Amino acid sequence: MNDTQKAYRKNIHLTFPPQVSKEPVVCNLTRLFDLTFNILKAQITPRKEGYLTLELVGSQENCGKAIAYLKEHEIAVSPVDQRISRDEDSCMHCGMCTAICPVDALHMDWVARTVTFDTERCTACGLCTKVCPVRAMHVEVENGPW
Ligand code: SF4
Ligand code: SF4
């Protein structure tokens, strides 16, 4: 797969009012907009509001349409301001994270024998933080309702 074929990914927070919490609005994103999604976090409060953090995957145009659809159904949508950083002192450039990064934000330079980290490409999915043996990759969620 080359760079132009990479799927667009967007992380969003959703807040559902109680009357919408039981409706299959999120499942409809696949059927109506040809998107896949990964649930990064989910919670229902005692007042029965629902909170979801989702990663949407598909075309950029359809992600935009899906967000408009969610808003039409009284769901509050806000972007996830999530950031990934690398501790340059800890990183051993072992390359393990390059195998798991879905968007090639981590790339092994075989000549220099170092792993480069392209923060512009990173979608902050957090996968690399789980495989790094020295915990050099860190995730910070900087907004969201919970
Ligand atoms: S897995 Fe960790 S130590 Fe290895 S290259 Fe990636 S960030 Fe560096
Ligand atoms: S969080 Fe890590 S695995 Fe996910 S896109 Fe960014 S660099 Fe790649």
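Student: Which share of the contacts between residues at least 6 apart in sequence joins residues at least 24 apart?

Tutor: Contact means heavy atoms within 4.5 Å. In this chain, 68% of the contacts between residues at least 6 apart in sequence join residues at least 24 apart. This is a predicted model: local features need pLDDT of at least 70, side-chain atom pairs count only at pLDDT 80 or more, and totals for chains, interfaces and linings use all residues. Residues are numbered from 1 along each chain as its sequence is written, chains are lettered from A and ligands numbered from 1 in the order in which they are written, and side-chain values use heavy atoms, with hydrogens and water left out.

Student: How many helices and strands are there in the chain?

Tutor: Helices (H or I, at least four residues) and strands (E, at least two) are DSSP runs, numbered from the N terminus. The chain has four helices and eight strands. Their order from the N terminus is β-α-β-β-α-β-β-α-β-β-α-β.

Student: What percentage of the residues count as buried?

Tutor: Buried means under 20% relative accessible area, exposed over 50%, partly exposed in between (1.4 Å probe, protein chains only). Of the 146 residues, 38% count as buried.

Student: Which order do the strands of the open sheet have?

Tutor: Start with the general idea. Strands of a sheet pair through backbone hydrogen bonds, either parallel or antiparallel. Here, two strands pair if DSSP finds at least two bridges between them. The open sheet has four strands in the order β2-β3-β1-β4, with antiparallel pairing. Its edge strands are β2 (36-44) and β4 (76-79), each pairing on one side only. From one strand to the next, the twist averages 25°.

Student: Which helix packs on the sheet?

Tutor: Angles need a convention. Axes are lines fitted to C-alpha atoms, for helices over the stretch in contact, and angles run from 0 to 180 degrees between N-to-C directions. Helix α2 (residues 60-72) packs on the sheet and touches β1 (8-16), β3 and β4. The direction of α2 makes about 5° with that of β1.

Student: How many bridges are there between β2 and β3?

Tutor: β2 pairs with β3 (residues 50-58) over eight bridges, in the antiparallel sense. In this pairing, Q43 stands opposite Y51 in β3.

Student: Where is N11 found, and is N11 buried or exposed?

Tutor: N11 is found in strand β1. Its relative accessibility is 8%, so N11 counts as buried. Beyond its neighbours within four places in sequence, N11 is in contact with eight residues by name: L40, L54, E55, P79, V80, Q82, T123 and A124.

Student: Which way do the side chains of β6 point?

Tutor: In a regular strand the side chains alternate between the two faces of the sheet. Strand β6 (residues 106-109) shows the alternation. L106 and M108 point to one face and are buried. H107 and D109 point to the other and are not. Four bridges join β6 to β7 (residues 114-117), and the two strands run antiparallel. M108 stands opposite V115 in β7. The hairpin has four residues between the strands, and R113 takes a positive phi near 60°.

Student: What is the geometry of the aromatic pair?

Tutor: A pair of aromatic rings is described by the distance of the centres and the angle of the planes. Rings of Phe, Tyr and Trp (its six-membered ring) pair if their centres lie within 6.5 Å; planes under 30 degrees apart count as stacked, over 60 as edge-to-face and the rest as tilted. The count comes to one aromatic pair. F33 and Y69 form it, edge-to-face, with 5.5 Å centre to centre and 65° between the planes. The pair links distant parts of the chain: F33 is in helix α1 and Y69 in helix α2, 36 residues apart. F33 is buried because its relative accessible area is 12%. Y69 has 11% relative accessibility, so Y69 is buried too.

Student: Which residues does N28 touch?

Tutor: N28 lies in helix α1 (residues 28-33). Not counting residues up to four places away in sequence, N28 touches F33 and Y69. N28 counts as buried because its relative accessibility is 16%.

Student: How many residues surround each ligand?

Tutor: A residue is near a molecule if one of its heavy atoms lies within 4 Å of it. Ligand 1 is surrounded by 13 residues, the closest being C91, M92, C94, C97 and C132. Ligand 2 is surrounded by 14 residues, the closest being C101, C122, C125, G126 and C128.
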